[in-house]
Amino acid sequence: MIFKNSRAFAQQCDKKDPLSSFRKEFLLPTDTQGNELIYLCGNSLGLQPLKTKDYIQQELDDWGKHGVEGHTDAKNPWLPYHEFLTQNMAAIVGAKPSEVVVMNTLTTNLHLMMVSFYQPTAKKYKIVVESNAFPSDKYAMESQLKFHGFDPRQGLILWKPREGEDLCRYEDLEQILETQADEIALLMIGSTNYYSGQHFPLKKITTLGHKHNCLVGFDLAHGAGNIQPKLHDTGADFAVWCTYKYLNSGPGSLGGCFVHERHKDNKQLNRFAGWWGHNKETRFNMRHEFDALPGAEGWQLSNPPILSMAAIRASLDTFKDAGFNNLRAKSERLTGYLEFLLDELDNDDINIITPRNKDERGCQLSIQVKNADKALHTKLTQAGVISDWREPDVIRVAPAPLYNSYEDVFEFITRLKSIL
Ligand SMILES: *Cc1c(COP(=O)(O)O)cnc(C)c1O
């Protein structure tokens with residue numbers, strides 16, 4: 001696609017955009033004067049779909065009307081409520097329905113998955129992670145290492161960008177496995193790095209890990225709802241993600257979890273169990289020995305918060321209406337336009353650290369501004385742009401194809417330029 005550096009061009013793209021009507025289905029944040037902000041922070045907290053309120057209201061009404069009987073008598077009965085999300089969530093991550101469940105939150109799910117799929121021995125106990133992984137993931141891995149009696153400093157192998165580079169190279173991961181695999185139990189990689197926006201080749205990484213007898217898990221926090229990870233086909237053993245970023249399900253909303261079907265009926269795996277993972281037929285008998293449900297559902301612990309699930313349902317219905325392939329096609333163009341306009345600034349202090357290849361990134365571009373500090377981000381915020389700042393010098397912006405427009409991107413660049 002040929003881009004042009006003009007507002008008229010951006011407006012024309014919006015006019016031709018088959019998904020442009022979805023913007024009206026979201027609440028767009030405004031400043032104190034009621035002016036719409038340029039919201040480019042869907043990688044941190046996605047915006048609220050208008051229909052979320054109705055979906056939550058339905059459950060509040062049914063709670064009011066039925067009390068405890070709502071478990072069976074609500075319009076959407078609460079007992080099986082999580083099942084109403086499964087089909088659409090499985091489609092979002094490219095999994096079979098039996099491989100996916102919505103439960104808990106991301107870091108909790110990561111711990112639960114590591115209880116089952118991090119199976120260290122005295123020799124083969126290390127975990128490989130990308131070096132600038134999200135802190136919570138690192139805390140989880142370090143504490144798992146400690147829990148098993150290992151020294152976390154010895155136990156984590158960092159997959160690092162080379163000196164002077166910002167991105168991780170696959171061949172370096174290969175090298176790590178070729179030289180150290182007899183000490184490695186697990187590869188635990190963020191599918192799309194939160195800092196650089198780099199999206200990794202999930203299938204290749206999984207095949208590599210399995211070839212060396214390691215289990216493989218992914219954190220899709222920045223992938224789910226952004227890039228189609230085709231989880232089942234990757235062959236990964238497990239994956240976890242949250243729903244409040246690209247999946248627009250509200251602050252702190254529940255997370256998702258994937259367990260590959262090869263582990264579906266494996267009752268030998270260690271697992272931390274709870275009653276919601278128990279056989280549905282006998283769950284309420286309360287006295288049976290734990291009898292895990294097959295598939296990802298068997299990892300559930302508690303009866304889930306229905307109000308959060310209602311928000312996830314609303315959001316997944318919106319994704320389904322838009323069609324994920326359509327969203328991805330728009331996302332590639334929208335982020336491509338952002339990249340084009342940044343290049344047009346022709347400013348030597350600006351360096352896009354996110355890969356230039358669209359197959360190695362999602363919505364987000366991470367923009368390094370040399371010699372800048374947080375004052376730049378503050379000025380952007382004062383100019384009505386909601387973006388995100390990462391020390392020491394990176395602005396992350398993520399135009400979301402469901403609600404961002406080409407004109408948003410143009411306007412962001414206009415304001416950035418006037419600040420620089
Ligand atoms: C956002 C994010 C988290 C947040 O974890 P919660 O348990 O949902 O608070 C964890 N890991 C990554 C990679 C993230 O991007």
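In this predicted model, the secondary structure of the protein chain adds up to 14 helices and 15 strands. The radius of gyration is 22 Å, close to the 22 Å that the globule rule gives for 420 residues, so the chain is as compact as a globular protein of that length. Put in a box along the principal axes, the C-alpha atoms take up roughly 65 × 60 × 35 Å.

A look at burial and contacts fills in the picture. Of the 420 residues, 56% count as buried. Among contacts with a sequence separation of 6 or more, 70% come from residues 24 or more positions apart. As for the outside, the accessible surface comes to about 18400 Å², and carbon and sulfur atoms own 49% of that area. On the charge side, there are 47 positive and 53 negative side chains. The centres of these two sets sit 1 Å apart.

The domain assignment splits the chain three ways. Domain 1 is put together from residues 7-47 and 323-419, domain 2 from 51-81 and 309-319, and domain 3 is the stretch 82-303. Taken over C-alpha atoms, the centres of domain 2 and domain 3 are 28 Å apart. The contact between these two draws on 13 residues from domain 2 and 19 residues from domain 3.

Down at the level of single residues, Gly217 is a handy place to start. This glycine belongs to strand S8, which runs over residues 215-219. Its relative accessible area is 0%, and because anything under 20% counts as buried, Gly217 falls in the buried class. Setting aside neighbours within four places in sequence, the contacts of Gly217 are Leu186, Leu187, Met188, Ile189 and Phe238. Asp31 is another matter: Gly217 and Asp31 are 186 residues apart in sequence, and their C-alpha atoms are 41 Å apart in space.

Next comes the backbone. Most residues other than glycine have a negative phi, and most peptide bonds are trans. Two asparagines and one proline are worth a look on that score. Asn248 is not a glycine, yet has a positive phi of about 50°. The residue sits in the loop between strand S9 (238-241) and strand S10 (255-259), and with a relative accessible area of 3% Asn248 is buried. Asn371 also shows a positive phi, in this case about 65°, and is not a glycine either. Its loop links strand S12 (365-369) to helix H13 (374-382). At 77% relative accessibility, Asn371 counts as exposed, whereas Asn248 is buried. The proline in question is Pro392: the peptide bond between Glu391 and Pro392 is cis, with omega at about 5°. Pro392 lies in the loop between strand S14 (388-390) and strand S15 (394-397).

One further asparagine rounds off the tour. Asn357 is located in the loop that runs between strand S11 (350-352) and S12. With a relative accessible area of 35%, Asn357 is partly exposed. Measuring up against Thr206, Asn357 is 151 residues away in sequence and 21 Å away in space, C-alpha to C-alpha.

Technical notes. Residues numbered from 1 in each chain as written. Predicted model: local features only at pLDDT ≥ 70, side-chain atom pairs only at ≥ 80, totals over all residues. Heavy atoms only, no water. Helix = DSSP H or I, 4+ residues; strand = E, 2+ residues; numbered from the N terminus. Rg over C-alpha atoms; globule rule 2.2 N^0.38 Å. Buried < 20%, exposed > 50% of the residue type's maximum accessible area, 1.4 Å probe, protein only. Contact = heavy atoms within 4.5 Å. Areas by Shrake-Rupley, 256 points an atom, 1.4 Å probe, with all protein chains shown as cover. Lys, Arg positive; Asp, Glu negative; His and termini not counted. Charge placed at Lys NZ, Arg CZ, Asp CG, Glu CD. Domains from an automatic or database assignment.
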